[in-house]
Amino acid sequence: MGFFLETLFGGLMAGMLYSLVALGFVLIYKASGVFNFAQGAMVLFAALAMARFAEWFPKWFGFESLLLANLLAFIAAMAMMVVLAWAIERLCLSKLVNQEGITLLMATLGIAYFLDGFGQTLFGSDIYSINVGMPKDPAFILEGMFEGGVMVSKEDLVAAVIAALLVIVLALFFQKTKTGRALRAVADDHQAAQSIGIPLNTIWVIVWSVAGFAALIAGIIWGSKLGVQFTLSLVALKALPVVILGGLTSVPGAIIGGLIIGVGEKLSEIYIGPMLGGGIEIWFAYVLALGFLLVRPQGLFGEKIIDRV
Amino acid sequence: MDMTDINPAASAAAADSGRRFGDVILDLQNISLRFGGVKALTDISFDVREHEIRSIIGPNGAGKSSMLNVINGVYHPQEGRILYRGQERKRLEPYMAARQGIARTFQNIALFKGMSVLDNIMTGRNLMMKSNILQMALYWGRAQKEEIAHREKVEEIIDFLEIQDVRKTPVGQLPYGLQKRVELGRALAAEPSMLLLDEPMAGMNVEEKQDMCRFILDVNDQFGTTIVLIEHDMGVVMDISDRVVVLDYGKKIGDGAPDEVRSNEDVIRAYLGTSH
Amino acid sequence: MLYRENGQFKTSYAADQQIFPILQDRWAIGLLLLVAFVAMPLLGSEYFFRAILIPFLILALAALGLNILVGYCGQISLGTGAFMAVGAYAAYNFMVRIDGMPLIVAMLLGGLAATVIGVLFGIPSLRIKGLYLAVATLAAQFFTDWAFLRIGWFTNHSTSGSVSVANLNVFGIPIESPVSKYLFCLVVVCVFALMAKNLTRSAIGRQWMAIRDMDVAAAVIGIRPVYAKLTAFAVSSFIVGVAGVLWAFVYLGAWEPAAFSIDRSFQLLFMVIIGGLGSISGAFLGAAFMVLLPVVLDQLPHWLGIPISTATVSHLVHMIFGALIVFFLIVEPHGLAKLWSVGKQKMRLWPFPH
């Protein structure tokens, strides 16, 4: 039972990170109908920027404070994500308005390829570390209930708290601010929103910036845990089944979908994996999402898709 | 038929002279259709007789297009019976309706934008092509013969609709009026026994409307095709229809010959608003 | 002035329905085939066959298969690599497990195996569209990646995970030298390209395009969406599977599942987009572009005397491809093939602007 709970917690933590990336997907899809395949490349790009700036700034400006380096690197990386959002809107999205979903999807694949190459040309392609002072030692909880307690990683716990905070902040941003209201209006109907004077282009830049912010947070957490390297961009591929499961347009869907996939992956790897030769984590999420699609194409919380003639 | 035929007297005369109306070919009984909580059609019954031009009119949102979608299987009504050629029909997919000889055009043109005029009309004859995938891959024997035989038929339709000069143009590049014509051509290519036309004259100028009227009357006259027509232009409807059914808010408020419908008080109220 | 169709009147529909109705085009294609079949084998160097022509031909074939699905039928696939892998491993198993299995039969059986798997993963396309279908095909990709890595039976329990074939021959003629490999691929590619072209100009091709352009209207004129979509998946996967066999047997010789990873899937999709969605020649143009660009980028610094590391080159290739994808989607969704036909159109009218 203790082991089961450990696996469960591990799954929840991993799931929280999937949720973070999935959140970026959902935000962009809601606001612009773009299925953003480049979200993973954005995570990689942001993490690379963060890791390298934190390394370079102390050298360039001759200071030693790790906190200051991280802070400046964070600001610089975020600034880059905003510039990126602006560039994507300007050079790509604004020219593909009213195109079909498939075209937009393929365009984001192009963006993803470009970003992967661009990021590694700028920042290098080795493995870099991000040190933002995440606790590395494990903690034991529920020691009263089980012998030896249940081991959870403190790092994961902190990460989960950060992810949860981010979700709350985003929810508040959407519900309570003027910009958030404009975002929701755009999500509902581009043309109607435009006709009452909401600047579509600005909104898209904001959405992509917010998605960039989510990517940066995910990149920092993931990067400090596993190191920053090319494989980070594959995270997007993990988040894909999450959004399918949760529903493309639903923020809570992204969170719950992430948790389900995270837990499902870990549990299936432990309990079903050995029967099949192991390594089933790679496809488990996809097959789960695919099965789900066939039963409920709009996902857990998505809006029902109605074809009009 | 030339343009002088398009006036009430002439069409009334045609009706009086006992144009070959056959039996009831399509009988809709108590049809109700809902989308979630929204009622699109409520308890609608009417029939269509062979060889006639049957119009459906009504204000915007009355459920006219939904009615056509029910007839050719795009929507499935929750209640009611549909009898086609005397057979009660169960849940039927659109492609099966096409196989039973029901063709249609759409309110917003639904052509295949990436294909040429020729290919668009050729798709209308796909149902009749019987060669298998291997024969097509080799483009030999039956496959090639079929392509050529059907091409000849399609060229007849192209001649009929007077669109010879654009046959190889991608339809996306054609002006609106011509696109509507191509769409009619695609429907005709299937040699349907019943043709559903959803606002074939919307957005056209007078001249284009006259052309389209002529085509519709010719189709009805030459091929004996039964036509179910949705149209907003009352002049046209009253001119060319044999019988008219009037819908409002998903309910039937009138049904009968053009003159009867014109004098029906409910219909006048729906169109002109009430003055109590 | 040379490129004119004036005076070339068609007197029958058969003449009007030829693949190349214009006389000059027939000359050009004849010349191209002459160069490909005669001049190349006489003049090409070994490097040229190995590094450029053979991969170009095989990737063009795979792109052709993918283009039928994506370009003609409008169903997106991010799992092309998976279907190539199925073809390759199936053919490998037929070769290893059945004595005296001829290469061509194994190749076709590999294609059939890919067809079965392709149709299986195409079934979700009946219920889901666009983005969602992308996920279904990704599922195919990850599942086959895993299966060929972890299920020993597929690799004949090879300990290294890598499998290989040797002593290939067709009707007793050994396919070992670069020239013979090239000619073998060339013949296969020409045959499949011709058959694909025939399919796309027949009833079935029109069904695919109708489903692509507007599925509801297609159903209303009597096209069964189920049949149209699944045949597109079947034909596409068959061709892709055969390309997988060629890639593994002829180009690589020895391979592991990574040869058919998701990167391969993306690469092929990019070829189709850059070359031209919904065009047979587009697959060839896209493949040529995709094969040549890295080679040129690799050589360019040497010629110019600027030192660039291989890693940087590969990043540059990524950037250029990415940018080009976006460029083509915005400016010319029908890719290089469309640019080519626009050029031809201009030539027909030259020296007049219209």
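**Exercise 1. Find what share of the contacts in chain A, at a separation of 6 or more, joins residues 24 or more positions apart.**

Step 1. Fix the term: two residues are in contact if their C-beta atoms, placed from the backbone, lie within 7 Å.
Step 2. Keep the contacts in chain A with a separation of 6 or more; residues 24 or more positions apart account for 75% of them.
Step 3. Do the same for chain B. There, 70% of contacts between residues at least 6 apart in sequence join residues at least 24 apart.

Two notes on the source apply throughout. This is a predicted model, where local features need pLDDT of at least 70, side-chain atom pairs count only at pLDDT 80 or more, and totals for chains, interfaces and linings use all residues. Residues are numbered from 1 along each chain as its sequence is written, while chains are lettered from A and ligands numbered from 1 in the order in which they are written.

**Exercise 2. Describe the fold and dimensions of chain A.**

Step 1. Count the elements. Helices (H or I, at least four residues) and strands (E, at least two) are DSSP runs, numbered from the N terminus. Chain A has twelve helices and two strands.
Step 2. Read their order: α-α-α-α-β-β-α-α-α-α-α-α-α-α.
Step 3. Check the radius of gyration, taken over C-alpha atoms; the globule rule is 2.2 Å times the number of residues to the power 0.38. For 309 residues a compact globule would come near 19 Å, and chain A has 20 Å, which agrees.
Step 4. Box the chain. Along the principal axes, the C-alpha atoms of chain A fill roughly 65 × 60 × 40 Å.
Step 5. Score burial. A residue is buried if 20 or more other C-beta atoms lie within 10 Å of its own, exposed if 12 or fewer, and partly exposed in between; C-beta atoms are placed from the backbone. In chain A, 47% of the 309 residues count as buried.

**Exercise 3. Do the same for chain B.**

Step 1. Chain B has eleven helices and ten strands.
Step 2. Its radius of gyration is 19 Å, close to the 19 Å of the globule rule for 276 residues, so chain B is as compact as a globular protein of that length.
Step 3. The C-alpha trace of chain B spans about 70 × 45 × 35 Å along its principal axes.
Step 4. Of the 276 residues of chain B, 44% count as buried.

**Exercise 4. Place I162(A) and name the residues that it touches.**

Step 1. I162(A) sits in helix α5 (residues 154-176) of chain A.
Step 2. I162(A) has 17 other C-beta atoms within 10 Å, so it is partly exposed.
Step 3. Leave out residues up to four places away in sequence. I162(A) then touches I217(A) and I221(A).
Step 4. Take I217(A). It is 55 residues from I162(A) along the chain, yet their C-alpha atoms are separated by 8.5 Å.

**Exercise 5. Work out which elements build the side of chain A that touches chain C.**

Step 1. The contact takes 39 residues from chain A and 35 residues from chain C.
Step 2. On the chain A side, the elements that give two or more residues are α4 (101-123), α9 (235-246) and α12 (281-295).
Step 3. α4(A) gives the most, with 16 residues.
Step 4. Sort by type. Ala, Val, Leu, Ile, Met, Phe, Trp, Tyr, Cys and Pro count as nonpolar, Asp, Glu, Lys and Arg as charged, and the others, Gly among them, as polar. This side divides into 26 nonpolar, ten polar and three charged residues.

**Exercise 6. Characterise the packing of α11(C) and α14(C).**

Step 1. Recall that two packed helices are described by the angle between their axes and the distance between the axes.
Step 2. Set the axes. They are lines fitted to C-alpha atoms, for helices over the stretch in contact, and angles run from 0 to 180 degrees between N-to-C directions.
Step 3. Helix α11 (residues 262-275) and helix α14 (residues 335-349) of chain C pack at about 20°, with their axes 3 Å apart.
Step 4. That makes α11(C) roughly parallel to α14(C). Angles under 35 degrees count as roughly parallel, over 145 as roughly antiparallel, 65 to 115 as roughly perpendicular and the rest as oblique.
Step 5. I273(C), I274(C) and G275(C) of α11(C) meet G335(C), L336(C) and A337(C) of α14(C). The residues of this contact divide into four nonpolar, two polar and no charged.
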